[in-house]
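Me: I'd love a close look at one part of this structure with you. Please take it slowly and link each point to the next.

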Amino acid sequence: MFTLKALTQRRLVQFSHKPSCTSILGKATCSRFVLGIETSCDDTGVAVMDETGLILGESLHSQKEVHLRTGGIIPTVAQQLHRENIARVVQEAMERSGITPSQLSAVATTVKPGLALSLGIGLEFSLNFVRHHRKPFIPIHHMEAHALTVRMLQPVDFPFLVLLISGGHSLLALARGIDDFLLLGQTLDEAPGDTMDKVARRLSLIKHPQCSTLSGGQAIELLASDGDRRRFPFKTPMGQHYDCNFSFAGLRNQITMSIKKKEEEEDIQQGTLLSCVNDIAAATQHTVASHLAKRTHRAILFCKAKGLLPSHNPTLVVSGGVASNQYIRKALTVIAEATGLRLLCPPAKFCTDNGVMIAWNGVERLREGKGILSHAEDVSYEPKAPLGVDITAQVKEAAIKVPSVKLRITD
């Protein structure tokens with residue numbers, strides 16, 4: 001599953017560590033502990049967790065303010081900020097947990113997918129750490145971690161449908177186990193978070209008095225709450241494609257053309273705020289939500305037709321940074337209710353990238369003895385990495401037509 005140097009010499013190591021006994025908050029406890037490290041994009045996140053899912057200590061360094069000033073994530077800048085902060089963030093999480101390196105049962109780190117330069121910093125630090133302390137290493141797939149986060153918060157049995165949406169990813173998959181996924185659909189171009197960020201930049205929302213400290217997606221959501229989406233009836237993408245893939249580049253082109261037209265009408269230059277930014281934001285958010293909802297609806301119908309979801313209490317999990325958007329959550333709630341699924345979303349703080357979800361993924365793998373490597377093994381990062389077995393062709397072949405569902409959403 002993971003690309004390793006000297007692949008022929010690769011070996012999975014099954015560890016049966018005796019639980020470490022320690023005193024936490026004055027109470028004696030015996031457990032196994034996992035250190036989770038996340039550096040796949042622009043956040044340096046670290047957490048220490050025990051095998052029950054209890055967060056013992058965490059720390060997060062966000063680069064948001066820096067990237068807001070530069071108008072987007074510059075990989076070399078992200079890399080440098082990770083390099084400058086990772087040791088401190090790890091130390092803070094360890095100190096807050098009260099756990100020493102010798103008490104750790106394993107270190108789990110994101111190795112794929114993500115920005116190459118960012119992944120490299122986390123992996124290099126982690127390999128040095130596990131070799132120094134002679135601890136097992138658990139390489140983590142970033143999207144797998146997002147998919148499993150909800151299981152840390154409440155009981156969710158396999159299989160379940162999962163929609164992962166963020167600034168860099170958009171995919172639908174059936175989770176059948178901690179390392180067993182069927183890929184139903186994915187973005188063909190850009191991710192929804194990227195689309196909204198680019199629209200926000202084109203609208204110069206950083207100049208808006210309410211949005212100067214917000215990310216692009218946050219600015220769109222805020223302004224959309226006071227906008228009239230019907231003023232800009234953007235066409236939902238891929239209406240004639242009966243699969244579960246996504247495409248947002250064409251939608252962004254529609255929006256850009258509308259912005260240019262309004263700038264001409266108002267006789268203003270690019271970089272000046274339009275009078276109708278709230279309406280454009282509302283229309284953008286609604287069309288993104290509609291596209292996500294329709295593809296998810298088809299994925300549900302496909303899974304039901306193929307008997308892939310349980311008949312009792314089938315579940316749709318939505319995670320990733322864009323899952324923090326409340327309007328999109330409500331749109332997906334409409335679909336879940338129409339199809340008889342329960343919708344589960346982690347709290348917003350666990351939707352965005354963080355060390356907690358990586359530690360939890362490590363805990364799940366440690367419990368089942370899957371993907372645990374010796375500290376001596378060499379591991380490579382993978383900027384691009386699919387999740388699970390790709391069955392998108394089967395979904396397309398099924399050509400399921402989705403019945404119309406009105407997305408009546410009130411704030």
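How many salt bridges does the structure hold, and where do some of them sit?

Reply: Happy to go through this with you. Please keep in mind that this is a predicted model. The structure holds 18 salt bridges. I'll take a few of them in turn and use them as a way into the sheets and helices around them.

Let's begin with a pair inside one helix. Arg96 and Glu92 are joined by a salt bridge, with 3.8 Å from N to O. Both residues belong to helix α2 (residues 75-97), where they are four residues apart, about one turn of the helix. Arg96 counts as exposed because its relative accessible area is 52%, where exposed means over 50%. Glu92, at 22%, is partly exposed.

The next pair reaches much further along the chain. Arg131 forms a salt bridge with Asp378, and their closest N and O atoms are 3.2 Å apart. Arg131 sits in helix α3, while Asp378 is in the loop between α11 (355-368) and β13, so this pair ties together parts that are 247 residues apart in sequence. Both ends are partly exposed: Arg131 has a relative accessible area of 33%, and Asp378 has one of 32%.

A further pair also involves the loop between α11 and β13. Lys370 forms a salt bridge with Asp179, with 3.4 Å between the closest N and O atoms. Lys370 is in that loop, whereas Asp179 lies in the loop between β9 and β10, and the two residues are 191 residues apart. Lys370 is partly exposed at 30% relative accessibility, and Asp179 is partly exposed at 31%. Elsewhere, salt bridges with shared partners join Glu190, Asp194, Lys198 and Arg252 into one network.

Now for the surroundings of Arg131. Its helix, α3 (residues 116-133), lies across β3, β6 and β7 and runs at about 155° to β6. Helix α4 (residues 142-153) also packs on the sheet, where it touches β3, β4 (43-50), β6 and β7, and its direction makes about 95° with that of β7. The sheet itself is open and has five strands in the order β5-β4-β3-β6-β7, with mixed pairing. At its edges stand β5 (55-62) and β7 (137-141); each has a single partner strand, so one side of each is left without a neighbour in the sheet. On average, neighbouring strands here are turned by 15° against each other, direction ignored. Within this sheet, β3 (residues 33-38) and β6 (residues 106-112) pair in the parallel sense over four bridges. Leu35 has Val107 of β6 as its bridge partner.

The connections on either side of α3 are worth a look too. In the loop between β6 and α3 we find Pro113, and the peptide bond from Lys112 to Pro113 is cis, with omega near -25°. In the loop between α3 and β7 we find Arg134. Phi of Arg134 is near 55°, a positive value in a residue other than glycine. Arg134 is exposed, with a relative accessible area of 60%.

Past α4, a second cis peptide bond can be picked out. This one joins Phe158 and Pro159, with omega about -5°, and Pro159 lies in the loop between α4 and β8 (160-165).

Strand β8 leads us to the other sheet, and to the surroundings of Asp179. That sheet is open and has six strands in the order β12-β11-β8-β9-β10-β13, again with mixed pairing. Its edge strands are β12 (342-344) and β13 (389-390), each of which pairs on one side only. Strands β9 (residues 170-177) and β10 (residues 180-186) pair in the antiparallel sense over six bridges, and Leu174 stands opposite Leu182 in β10. Helix α8 packs on this sheet, touching β8, β9, β10 and β11, and its direction makes about 160° with that of β8.

One last stop is the loop between α8 (277-305) and β11 (315-319), which holds Asn313. Asn313 has a positive phi of about 55° although it is not a glycine. At 40% relative accessibility, Asn313 counts as partly exposed.

Conventions: Residues are numbered from 1 along each chain as its sequence is written. This is a predicted model: local features need pLDDT of at least 70, side-chain atom pairs count only at pLDDT 80 or more; totals for chains, interfaces and linings use all residues. Side-chain values use heavy atoms; hydrogens and water are left out. Two strands pair if DSSP finds at least two bridges between them. Axes are lines fitted to C-alpha atoms, for helices over the stretch in contact, and angles run from 0 to 180 degrees between N-to-C directions. Contact means heavy atoms within 4.5 Å. Buried means under 20% relative accessible area, exposed over 50%, partly exposed in between (1.4 Å probe, protein chains only). A salt bridge is a side-chain nitrogen of Lys or Arg within 4 Å of a carboxyl oxygen of Asp or Glu.
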